[in-house]
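Visitor: I should like a close look at a single part of this structure, namely its interior. Please treat the matter in one connected account.

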Amino acid sequence: MPLLELPTGASLHYEDLRRGKLAPVICVHGLLGTARSQLGAVMDWLGAAGFSVIGLTLRGYGESLPKPRDFPDDFYARDASDLLAFMDALAIPRAHLLGYSDGGEVALAAAGGAPERFVSCLVIGAVGNYSPALRRRFQKVYPGHWITEAEKREHGIADAKRFTGEWVRATTRMIDAGGDISLSAAHKIACPLVIALGDKDDLNPRHLGERFVERAPRARLEIFPCGHAIQDEAFDAFCAMALRHLRAASIG
């Protein structure tokens with residue numbers, strides 16, 4: 001799997017499962033993940049279903065660079081810029097986006113910032129805006145005792161307190177600034193958009209997802225009876241929904 005150096009300063013590791021000239025489904029993982037670790041089963045399923053797939057690992061995670069992964073206040077926008085530069089470097093004019101958690105926030109930011117580049121967008125556990133009620137939930141991420149030794153090795157995390165502290169600081173500053181991640185650009189997303197949420201996901205309440213889809217012209221909300229990682233907890237139902245979404249977007 002290659003490492004692609006970008007003009008944004010990132011070098012991104014990716015898994016290339018493309019087929020011919022089909023617009024690929026670019027899969028983007030979340031916090032403490034890689035494309036393979038968090039979306040590998042979905043990627044393999046999509047490939048078996050005949051789709052062209054690319055699994056992208058964001059800067060600072062897995063084998064992607066630079067390390068250590070950091071979280072400036074605009075890290076979602078920075079990752080969205082990396083994603084668009086990645087598409088440019090591989091001469092991909094348009095793609096489907098599938099993002100999970102933080103990767104879903106990146107996908108929404110990219111789709112709102114460059115709507116002409118995307119055939120469709122499907123995000124899992126991402127809502128494009130944060131409410132003040134999420135502050136205490138986010139703060140529980142610190143000081144990172146939950147991060148395993150294997151995850152520390154995989155992502156080059158020498159200091160879990162610094163890693164989680166930067167994430168919490170950036171996300172709470174977003175809340176302090178009004179909570180907008182990509183909500184203000186939702187009306188610009190021209191492609192079909194699905195926001196998939198678990199009804200037990202305390203990070204992404206339904207009302208915030210509803211707020212986003214009300215502003216995006218071709219968006220809908222899909223609710224699953226599970227927690228945050230829908231692709232793991234409700235795999236069959238998620239894949240059936242994703243297949244309908246991608247096929248409809250590809251036709252129309």
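Which residues have the most contacts inside the largest nonpolar core?

Guide: The model is a predicted one, and the account below should be read accordingly. The largest nonpolar core contains 62 residues, and those with the most contacts inside it are Ile26, Phe86, Cys121, Trp167 and Phe212. Apart from this core lies another, of 26 residues, with Cys27, Tyr100, Cys239 and Ala242 among them. As a general matter, nonpolar side chains tend to be buried together in soluble globular proteins.

Cys121 offers a way into the larger core. Setting aside residues up to four places away in sequence, Cys121 touches Leu97, Ala107, Leu108, Ala111, Cys191, Pro192, Leu193, Val194 and His245. One of these partners, Val194, lies in strand β7, which comprises residues 193-198. Val194 counts as buried because its relative accessibility is 0%. With residues up to four places away again left out, Val194 touches Cys121, Leu122, Val123, Arg220, Glu222, Met241 and His245. His245 thus appears among the contacts of Cys121 and among those of Val194. Between the C-alpha atoms of Val194 and Leu98 the separation is 9.6 Å, although their positions lie 96 residues apart along the chain.

The strands provide the setting for these contacts. An open sheet of 8 strands is arranged in the order β1-β2-β4-β3-β5-β6-β7-β8, and its pairing is mixed. Its edges are formed by β1 (3-5) and β8 (219-224), each of which pairs on one side only. From one strand to the next, the twist averages 20 degrees. Strand β6 (residues 118-124) and β7 run parallel and are joined by 4 bridges. Ile124 has Ala196, in β7, as its bridge partner.

Elsewhere in the sheet, strand β4 holds Gly55. With a relative accessible area of 1%, Gly55 is buried. Its contacts, leaving aside neighbours within four places in sequence, are His13, Tyr14, Glu15, Cys27, Ala35 and Met43. Of these, Cys27 is also one of the residues of the 26-residue core. The C-alpha atoms of Gly55 and Tyr14 are 5.4 Å apart, with 41 residues separating the two along the chain.

Helices lie across the sheet. Helix α1 (residues 35-48) crosses β2 (11-17), β3 (25-28), β4, β5 (95-100) and β6, and runs at about 175 degrees to β4. Helix α9 (residues 235-251) lies across β3, β5, β6, β7 and β8, running at about 165 degrees to β6.

Two further helices contribute to the interior. The 15 residues of α2 should span 21 Å at 1.5 Å a residue, and the 21 Å between its end C-alpha atoms agrees with this. Its buried residues are Phe75, Tyr76, Arg78, Asp79, Ala80, Asp82, Leu83, Ala85, Phe86 and Met87; of these, Phe86 has been named for its contacts in the largest core. After α2 comes Ala91, which has a positive phi, near 55 degrees.

For α6, the 17 residues should span 24 Å at 1.5 Å a residue, in agreement with the 24 Å between its end C-alpha atoms. This helix is mostly covered, as 12 of its 17 residues are buried. Among the buried residues are Phe163, Trp167, Val168, Met174 and Ile175. The buried residues of α6 pack against α2, α3 (102-113), α4 (135-139) and α5 (149-155).

Aromatic rings complete the picture. A pair of aromatic rings is described by the distance of the centres and the angle of the planes. The count of aromatic pairs comes to 7. The rings of Tyr61 and Phe163 have centres 6.5 Å apart and planes at 80 degrees, so they are edge-to-face. This pair links distant parts of the chain: Tyr61 belongs to the loop between β4 (53-57) and α2 (75-89), Phe163 belongs to helix α6 (residues 160-176), and the two are 102 residues apart. Both Tyr61 and Phe163 are buried. Another edge-to-face pair consists of Tyr130 and Phe138, at 4.8 Å centre to centre and with 75 degrees between the planes. Tyr130 and Phe138 are likewise buried. Finally, ring pairs join Tyr61, Phe71, Phe75, Tyr76 and Phe163 into a cluster, in which Phe75 and Tyr76 are buried residues of α2 and Phe163 is a buried residue of α6.

Conventions
Residues numbered from 1 in each chain as written. Predicted model: local features only at pLDDT ≥ 70, side-chain atom pairs only at ≥ 80, totals over all residues. Heavy atoms only, no water. Buried < 20%, exposed > 50% of the residue type's maximum accessible area, 1.4 Å probe, protein only. Contact = heavy atoms within 4.5 Å. Core = buried A, V, L, I, M, F, W, Y, C linked by side-chain atoms within 4.5 Å. Phe/Tyr/Trp six-rings, centres within 6.5 Å; stacked < 30°, edge-to-face > 60°. Pairing = 2+ DSSP bridges. Axes fitted to C-alpha atoms, helices over the stretch in contact; angles between N-to-C directions. Expected span 1.5 Å × (residues − 1).
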